[in-house]
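Me: I'd like to go through this model with you and talk about its charged pairs and its buried spots. Can we take it one question at a time?

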Amino acid sequence: MPHTRAGLDRFNALAPEDAERDLLACCASRAFAAAVTAGRPYPGPGALADAAEAAVRALGWPDVLEALEAHPRIGARPGGAGREAAWSRQEQAGVGAGAAGSGADGGEDGLRQALADGNRAYEDRFGHVHLVCATGLTGTEMLAGLRERLGNDDDTERGVVRDHLARITRLRIAKLLGEAP
């Protein structure tokens, strides 16, 4: 991304409360935002991305649940005008698409219904929204992953959730730094 260095310099220079606000769009855990802000200044974009991933992986489960509250259900059109909502819409662009990857807006009703049913089953099973790093996946691939994850025990699924949250956060850090100041 062309503005990565400029974006990092801008981020490093922000007041702590502004840095935390920006980071909350990447991962909506206050503990995450505070930890990453406290590590500034970062010498390079990779160091920031690595620190963000480490902070996600170090979160207590209540902090992970706080972050999950900001994520829409897979297949639900993320609302809002903020940065995080726009990023969620981009990340879910393949939802509703079958193997051809035609995108959410041309979606298949059967796939959308299967995702909605799977989301309900997942939330009943685990007590929180099904989180998946949707970037690059078709709706069919997300549905297959959702169905597979329904067989996980709680500890295994918590690890999978952390992995997906870390991947999403890493992608969003790159987007944050790529934005022109």
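**Salt bridges and buried residues**

Reply: Sure, and let's start inside one helix: R5 and D9 both sit in helix α1 (residues 4-13), four residues apart, or about one turn of the helix. Keep in mind that this is a predicted model.

Me: What is the distance between the closest N and O atoms of R5 and D9?
Reply: Side chains of opposite charge can pair when their charged atoms come close. The cut-off for a salt bridge is 4 Å, and R5 and D9 do form one. Their closest N and O atoms are 3.0 Å apart.

Me: Is R5 buried, partly exposed or exposed?
Reply: Buried means under 20% relative accessible area and exposed means over 50%. R5 has 43% relative accessibility, so R5 falls in between. D9, its salt-bridge partner, has 39% and is put in that class as well. For R5, then, the word is partly exposed.

Me: Which residue forms a salt bridge with D18?
Reply: Look in helix α2 (residues 16-24), where the two partners are three residues apart, about one helical turn. D18 is partly exposed at 27% relative accessibility, and the partner is partly exposed with a relative accessible area of 49%. The closest N and O atoms are 3.0 Å apart, and the partner is R21.

Me: How many residues apart in sequence are the parts that D154 and R125 tie together?
Reply: D154 and R125 form a salt bridge, with the closest N and O atoms 3.5 Å apart. D154 lies in helix α9 (residues 154-178) and R125 in helix α7 (residues 109-126), so the pair links parts of the chain that are 29 residues apart. On exposure, D154 is partly exposed with a relative accessible area of 44%, and R125 is partly exposed at 37%. The separation asked for is 29 residues.

Me: How many salt bridges are there by this rule?
Reply: The rule asks for a Lys or Arg side-chain nitrogen within 4 Å of an Asp or Glu carboxyl oxygen. Some of these residues are linked in a network, made up of D50, E53, R57, D163 and R170. By the rule, the count comes to 13.

Me: Is H130 buried or exposed?
Reply: H130 sits in the loop between α7 and α8 (139-149). Leaving out residues up to four places away in sequence, H130 touches I74, N119, Y122, L146 and R149. Its relative accessibility is 2%, and the cut-off is under 20%, so H130 counts as buried.

Me: Which residue does the side chain of H130 join through a polar contact of 3.3 Å?
Reply: The candidates include the residues H130 touches, among them Y122 and R149. The side-chain polar contact of 3.3 Å picks out R149.

Me: What covers the buried residues of α5?
Reply: In helix α5 (residues 61-68), the buried residues are W61, V64, E66, A67 and L68. Their cover includes α3 (30-38) and α9.

Me: Which peptide bond is cis, with omega near 5 degrees?
Reply: Go to the loop between α3 and α4 (45-58), where P41 is found. The cis bond leads into that proline, running from R40 to P41.

Me: And what percentage of the 181 residues count as buried?
Reply: The protein has nine helices and zero strands. Of its contacts with a separation of 6 or more, 68% are between residues 24 or more positions apart. The share of residues that count as buried is 46%.

Conventions: Residues numbered from 1 in each chain as written. Predicted model: local features only at pLDDT ≥ 70, side-chain atom pairs only at ≥ 80, totals over all residues. Heavy atoms only, no water. Helix = DSSP H or I, 4+ residues; strand = E, 2+ residues; numbered from the N terminus. Buried < 20%, exposed > 50% of the residue type's maximum accessible area, 1.4 Å probe, protein only. Polar contact = N/O pair within 3.5 Å; in protein donor to acceptor, adjacent residues only side chain to side chain. Contact = heavy atoms within 4.5 Å.
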